[in-house]
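Subject: Structure handover

Hi,

Here is the structure for you to look through. Please open it beside this email and follow along.

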Amino acid sequence: REVRHRARVTVAALRPLVDAALPIDGATAVLYASNGYSAGAMDLSTVVEQAGRAGAPLYPLDPRPHDREQKDPFVRATRDTLRDLASATGGTWQDDGEALDDYLARIVSAVGR
């Protein structure tokens, strides 16, 4: 129940952020720091739809250390939700092992076009 509550609070906070991108002219991006979501914890379809209307792709930042050899199935599954969110909104995902500054440079390059 706690996970679902936190998921609802997250979506409630994320939706106005994406909506705020609507009136901005030019390229827009939303950097989204999150540990991801467990299966079935939340429906991100409304956030994806809003991001599409706003033309604001989401670029998730997973604050956990990245390890190419990650064996924990929960960590892999929650990272997959962030990867899916980025893909569904036209954003990109920070590849496992990619340095934060490299990822941010890639976002700047993508948004700057």
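Which element gives the most to the lining of the largest pocket? Helix H1 does, with four residues. Keep in mind that this is a predicted model.

The overall layout

Start with the whole protein. It has four helices and two strands. From the N terminus on, the order is α-β-α-β-α-α. The chain holds 113 residues, and 37% of them are buried. Now look at the contacts with a separation of 6 or more. Residues 24 or more positions apart account for 75% of those. On the outside, the protein exposes about 6700 Å². Carbon and sulfur atoms supply 55% of that area.

The largest pocket

Back to the pocket. The largest pocket has a volume of about 240 Å³. Its lining counts 15 residues, and those closest to the centre are Val3, Arg6, Asn35, Gly36 and Tyr37. Three elements give two or more residues to this lining: helix H1 (2–20), strand S1 (30–33) and helix H3 (73–89). By class, seven of the lining residues are nonpolar, six are polar and two are charged.

Arg64

Next, find Arg64. It sits in the loop between strand S2 (58–61) and H3. Is Arg64 buried or exposed? Its relative accessibility is 17%, and buried means under 20%, so Arg64 counts as buried. Now follow its side chain. One of its polar atoms lies 2.8 Å from the backbone oxygen of Asn35. Asn35 is also among the residues closest to the centre of the largest pocket. The side chain of Arg64 makes a polar contact with the side chain of Thr78 as well, at 3.0 Å. Set aside the neighbours within four places in sequence, and Arg64 is in contact with Asn35, Val75, Thr78 and Arg79.

Pro60

Pro60 lies in strand S2. Its relative accessibility is 0%, so Pro60 counts as buried. Which residues does Pro60 touch, leaving aside its neighbours within four places in sequence? They are Tyr32, Leu82, Ala86, Thr92, Trp93, Gln94 and Tyr103. Take Ala86 from that list. Pro60 and Ala86 are 26 residues apart along the chain, yet their C-alpha atoms are separated by 6.5 Å.

Gln50

Move on to helix H2 (residues 45–54), where you will find Gln50. Gln50 has a relative accessible area of 7%, so it is buried. Not counting residues up to four places away in sequence, Gln50 touches Arg15, Val18 and Asp19.

Asp95

Finish with Asp95, in the loop between H3 and helix H4 (100–112). How much of Asp95 is accessible, and what does Asp95 count as? Its relative accessibility is 43%, so Asp95 counts as partly exposed. That class lies between the 20% limit for buried and the 50% limit for exposed. Asp95 and Arg83 are twelve residues apart in sequence. In space they are 9.2 Å apart, C-alpha to C-alpha.

A quick way in

Try these stops on your own screen:

- Pocket: begin at Val3, Arg6, Asn35, Gly36 and Tyr37, the lining residues closest to the centre.
- Loop: go to Arg64, and follow its side chain to the side chain of Thr78.
- Strand: pick Pro60 in S2, then look across to Ala86, one of its contacts.
- Helix: select Gln50 in H2, then show Arg15, Val18 and Asp19.

Best wishes

Notes. Residues are numbered from 1 along each chain as its sequence is written. This is a predicted model: local features need pLDDT of at least 70, side-chain atom pairs count only at pLDDT 80 or more; totals for chains, interfaces and linings use all residues. Side-chain values use heavy atoms; hydrogens and water are left out. Buried means under 20% relative accessible area, exposed over 50%, partly exposed in between (1.4 Å probe, protein chains only). Contact means heavy atoms within 4.5 Å. On a 1 Å grid over the protein atoms alone, a cavity is a set of points where a 1.4 Å probe fits but cannot get out, and a pocket is an open set with protein on both sides within 12 Å along at least five of seven lines; lining residues have an atom within 4 Å of a point. Grid points are joined across faces, edges and corners, and a volume is the space filled by probe spheres set on the points. Ala, Val, Leu, Ile, Met, Phe, Trp, Tyr, Cys and Pro count as nonpolar, Asp, Glu, Lys and Arg as charged, and the others, Gly among them, as polar. Accessible areas come from the Shrake-Rupley method with a 1.4 Å probe; for residues, only the protein chains shown count as cover. A polar contact is a pair of N or O atoms within 3.5 Å; within protein, one must be able to donate a hydrogen and the other to accept it, and residues adjacent in sequence count only if both atoms are side-chain atoms.
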